[in-house]
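Work through the exercises below with the sequence and the coordinates open. Try each task before reading its solution.

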Amino acid sequence: MVLKTDLETYTHDMETGLQHRVAIVAASSKGIGRATALALAAEGTKLALCARNADPLKQVAEEARKLHGVEVYTDTLDVAEDDRVRQFVEAVHRRFGHIDICVTNAGGPPAKPFAETTMAEWDRAYRLNLRSIVSFAHAVLPHMQQRGWGRFITITSVAVKQPVLELVLSNAVRTGVLGLVRSLATQYGPHNITINNVGPGYTATDRVKDLAQANAQATGRLAAEYEADIAKDVPLRRLAKPEEVADAIVWLASERAAYITGQTILVDGGVYRGL
Ligand code: NAD
């Protein structure tokens, strides 16, 4: 990992100890998941990637192989289907012989006012953004426990600390992940497995474009205006790049974060105003 004092200037190299580790990165065909996969590959980590659509996932795998020469395994699945998650994890273990790092991720629930949410959407949000993490934890942690080393990292949102007005589904369901992370950190600490959560703020990915589109339909405001308004509310006055969220995940996965567990690290440009 190269630490940067600003986006252009490299200062010094930091040994991450990630070379030859094996990392699962879920929902990694686009956005933050994709950036995380490529950032880990840059450290020499072997990858196991999954998402619902084969073609974009294969492109990410090709990019990682070409740019960084790492071995990559891919599978096409919906992380809400626990049988498929279990099969994937077992296939990764058979392929590589061990699993060191697991980064959970998924798409976010739709943005809408509470009164317009349906019970089917609540069920889907629970399956996608909380239950899927339980599936990965069930499947992966026994392998890490056997090796006496592991990093389990969840991707949620700044909404776990500061609810976002139009994202009631996300606000409610994702806070459960914090309880899970804290519980697992206590239980798996003695096995040298750290469990942490990363909460992105507004990040320039398709997710923000989708939210801008939903807002444009609801209010008639242009999508570009929505993005500019978001940036105004961020102390750093811009959206994050997905690579900036990925850098925090790489650090948590590395040897340099060996004593950090049970934490939520926000990568939000200062959006969360609490202490
Ligand atoms: P994105 O839409 O750019 O990418 C989402 C990825 O998840 C894609 O690869 C997609 O194929 C995959 N995916 C979606 N549903 C899936 C499923 N059921 N099974 C398997 N793969 C699935 O989104 P992003 O911006 O990278 O966001 C990643 C996560 O971070 C989301 O949960 C999002 O809500 C959250 N988040 C994003 C922002 C932001 O501003 N972008 C802010 C806070 C939180």
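**Exercise 1. Charges over rings**

Task: find the ring under the charged end of arginine 95, then the ring under that of arginine 21.

Solution. The model is a predicted one. Start at arginine 95. Its charged end sits over the ring of phenylalanine 96, 5.5 Å from the ring centre. The cut-off on this distance is 6 Å. Now take arginine 21. Its charged end sits over the ring of tryptophan 149, 3.5 Å from the centre.

**Exercise 2. Aromatic pairs**

Task: count the aromatic pairs and classify each one.

Solution. A pair of rings is described by the distance of the centres and the angle of the planes. Centres must lie within 6.5 Å. The count comes to two aromatic pairs.

Step 1. Take tyrosine 73 and phenylalanine 88. Their ring centres are 6.2 Å apart and the planes meet at 15°, so this pair is stacked. The cut-off for stacking is under 30 degrees.

Step 2. Place this pair in the chain. Tyrosine 73 belongs to strand E5 (residues 72–76) and phenylalanine 88 to helix H3 (residues 82–96). The two are 15 residues apart, and the pair links distant parts of the chain.

Step 3. Check burial, with under 20% relative accessible area as the cut-off. Tyrosine 73 has 18% relative accessibility, so it counts as buried. Phenylalanine 88 is at 0% and also counts as buried.

Step 4. Take phenylalanine 114 and tryptophan 122. Their centres lie 6.4 Å apart with planes at 65°, so the pair is edge-to-face. Over 60 degrees is the cut-off here.

Step 5. Check burial again. Phenylalanine 114 is exposed, at 58% relative accessible area. Tryptophan 122 counts as buried, at 19%.

**Exercise 3. Helix H2**

Task: compare the span of helix H2 with its expected value, then find where its buried residues lie.

Solution. Step 1. Helix H2 covers residues 54–68, which is 15 residues. The expected span is 1.5 Å times one less than the number of residues. That gives 21 Å, and the end C-alpha atoms are 21 Å apart, so the two agree.

Step 2. List the buried residues of H2: Leu57, Val60, Ala61 and Ala64. These residues cover an arc of only 100° around the axis, so they lie on the same side of H2.

Step 3. Look at the face turned away from the buried side. Asp55, Gln59, Lys66 and Leu67 are the exposed residues there.

Step 4. Ask what covers the buried residues of H2. The cover includes helix H1 (31–42), strand E4 (46–51) and E5.

Step 5. Move past the helix end. Glycine 69 follows H2 and has a positive phi, near 65°.

**Exercise 4. Positive phi outside glycine**

Task: give the loop position and phi of alanine 27 and of arginine 237.

Solution. Alanine 27 is in the loop between strand E3 (22–26) and H1. Its phi is positive, about 50°, although alanine 27 is not a glycine. Arginine 237 is in the loop between helix H7 (223–232) and helix H8 (242–253). Its phi is also positive, near 60°. At 56% relative accessibility, arginine 237 counts as exposed.

**Exercise 5. Cysteines**

Task: why is there no bond between the sulfurs of cysteine 50 and cysteine 102?

Solution. A disulfide is a covalent bond between the sulfur atoms of two cysteines. The cut-off is 2.5 Å between sulfurs. For cysteine 50, the closest cysteine sulfur is in cysteine 102, 8.6 Å away, so it is too far for a bond. A search of the whole structure finds zero disulfides. Cysteine 50 is buried, with 0% relative accessible area. Cysteine 102 is buried too, at 0%.

**Exercise 6. Contacts of two residues**

Task: which residues does valine 177 touch, and which are in contact with tyrosine 202, leaving aside neighbours up to four places away in sequence?

Solution. Step 1. Valine 177 lies in helix H5 (residues 168–188). At 0% relative accessibility, it counts as buried. Its contacts are Asn129, Leu130, Ile133, Thr154 and Thr156, not counting residues up to four places away in sequence.

Step 2. Tyrosine 202 is in the loop between strand E8 (193–200) and helix H6 (206–219). Beyond its neighbours within four places in sequence, tyrosine 202 is in contact with Val164, Ile230, Leu239 and Ala240.

Step 3. Set sequence against space. Tyrosine 202 and valine 267 are 65 residues apart in sequence and 8.9 Å apart in space, C-alpha to C-alpha. Valine 177 and proline 109 are 68 residues apart in sequence and 15 Å apart in space, C-alpha to C-alpha.

Definitions and conventions. Residues numbered from 1 in each chain as written. Predicted model: local features only at pLDDT ≥ 70, side-chain atom pairs only at ≥ 80, totals over all residues. Heavy atoms only, no water. Phe/Tyr/Trp six-rings, centres within 6.5 Å; stacked < 30°, edge-to-face > 60°. Helix = DSSP H or I, 4+ residues; strand = E, 2+ residues; numbered from the N terminus. Buried < 20%, exposed > 50% of the residue type's maximum accessible area, 1.4 Å probe, protein only. Lys NZ or Arg CZ within 6 Å of the ring centre and 35° of its normal. Arc of directions from axis to C-beta. Contact = heavy atoms within 4.5 Å.
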